[in-house]
Amino acid sequence: MKLKSLSAALIAATFCASAHADGNTASDHAPIGVMADHRHKKGEFMLSYRYMWMQMSGSRIGTNSVTPEEIVTTVPNRFAGTPGQPPTLRVVPTDMTMQMHMFGGMYGLTDRVTLLAMTAYVRNEMDHITFQGGMGTDVLGTFTTSSDGIGDTMVGALLGLDNGQKAHRQINAGFVVSIPTGSNTFEDDVLAPNGMTPTLRLPYPMQIGSGTFDLKPSLTARDRFGDISLGAQITGTFRLGSDEGYSRGDIGELTAWAAYEPRPWVSLSTRLTGRTVGRIDGIDPLIVAPVQTADPDFQGGETLEILFGVNLLGQEGYVRGHRLAFEVGVPIVRDLNGPQLETDVMFSIGWQKAF
C-alpha cells in the first residue's frame, strides 16, 4: 500500500509542477472528443492517438424504445416479395460495440496554417436475435457478426482567422477531405429465419468505410477567461458521389464546451453535442435481408449528447509536454429514423505530444 501511494505521489508531482515557460496549459486543447480544434506554430509537429469506444443496445423508432417482438410483428420488410423474404422483419440487432483506434498528425506550415492527417483502425461487433420465418415471436436463435480493418483517411488544413496575438484565443476554419480507404464490402455468416447460415454482405452500420470522398468543413472558436475556457465548433460531412449503389447520409454537428482549470496541468470539461444524420441515398443491391440495418430508410436521425472530460498536461520530467485526456458521454435526446439501435454510452481516451 505504501509503495502504491508513493508511486501515485511521484506521478502527481510530475503533472503538478509549475506550468511551462511558454505558457502551455491543459485547457489549450479542446476535450479529446473534438477533432481539429487548434493549430500549431510554424515548424511544430504534433502526434496523437485516440481510442474511442461506443456501446449501443435496444432499438428506437423516433423517440420511443421498441422491443424485438414489436419490431418483428409490426415493421414491414422492404424486401418482401423477393424470393425467400418474409413480409415483416424477422432479424433484430440487440447490441453493437464499436471500437476505433485513431492515429493523427499535425504540422504548422505557418503560424496561420496547420496541415493535418488522420486514419483509424475500426472494429465493429453486432449481436442479433433471429425469429422463425413467417409470423409470430418464436425465437430461432442468436448470432454475432463482426468487421474490422483500416477506416477512411482524412487529410486537410486549418486556417487561422484570428490575429494570433492571444495564445489562448483561436478561430480556425477547417478544410478536410475524407478519402475512402476503408472497405464497405464486408461479409459474415448470419442466421436466416429459415435456419440456414449463409454468408452475406453485412448491412450499412457494419461497413467501416463510407465508399465515397467526403468534404468535412469546420469552424472552431475558443477563448479563455481566467480559469475558464470556452469553445464551440460546427462541422459538416458532405458525400461526393456514391459507391456500391448508395451514399451515406450527410452529417451536421454543433458542439460547445466549457472547461475549468484549477491548475495549469489539469482541466475539467463539460460538453454538449447536437448531431443530425441523413438517411442513406440509394441502396446496395447486395444488402438484402429482413433486418432493420439493411433498410436505407432506417438510418440517421437527431441526437443530443452530454459529455464530461479531463485534460492532463505533463509539466516536468518524462511526462513534460505529453497530454493525456479522457471523455465519457451519454445521449440525452434521441430521435431516430427507426427502428434503429440507440447509443447508450461513449468513451474516449487520447494522447497528444507536440515537438
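Start by selecting Tyr-107: with a relative accessible area of 27%, this residue is partly exposed. Keep in mind as you go that the model is predicted.

Now add Phe-45 to the selection. Its relative accessibility is 47%, so Phe-45 also counts as partly exposed, the class between 20% and 50%. Turn the view until both rings are visible. The structure holds three aromatic pairs, and one of them is in front of you: the ring centres of Phe-45 and Tyr-107 are 4.6 Å apart, and because their planes meet at 40 degrees, the pair is tilted.

Next, colour the strands. Phe-45 belongs to strand E1 (residues 45-62) and Tyr-107 to strand E3 (residues 91-108), so this pair ties together parts that are 62 residues apart in sequence.

Stay with these strands and select Tyr-49 and Phe-103. Here is another tilted aromatic pair, with 5.4 Å from centre to centre and 45 degrees between the planes. Tyr-49 is in strand E1 and Phe-103 in strand E3, so the contact ties together parts 54 residues apart in sequence. How accessible is Tyr-49? At 28% relative accessibility, Tyr-49 counts as partly exposed. Its partner Phe-103 is partly exposed too, with a relative accessible area of 44%.

For the last stops, look for charges over rings. Select Arg-78 and Phe-79: the charged end of Arg-78 sits over the ring of Phe-79, 5.9 Å from the ring centre. Then jump to Lys-353 and Phe-355, where Lys-353 lies over the face of Phe-355 at 4.6 Å from the centre of the ring.

Definitions and conventions:
Residues are numbered from 1 along each chain as its sequence is written. This is a predicted model: local features need pLDDT of at least 70, side-chain atom pairs count only at pLDDT 80 or more; totals for chains, interfaces and linings use all residues. Side-chain values use heavy atoms; hydrogens and water are left out. Rings of Phe, Tyr and Trp (its six-membered ring) pair if their centres lie within 6.5 Å; planes under 30 degrees apart count as stacked, over 60 as edge-to-face and the rest as tilted. Helices (H or I, at least four residues) and strands (E, at least two) are DSSP runs, numbered from the N terminus. Buried means under 20% relative accessible area, exposed over 50%, partly exposed in between (1.4 Å probe, protein chains only). A charge sits over a ring if NZ of Lys or CZ of Arg is within 6 Å of the ring centre and within 35 degrees of the ring normal.
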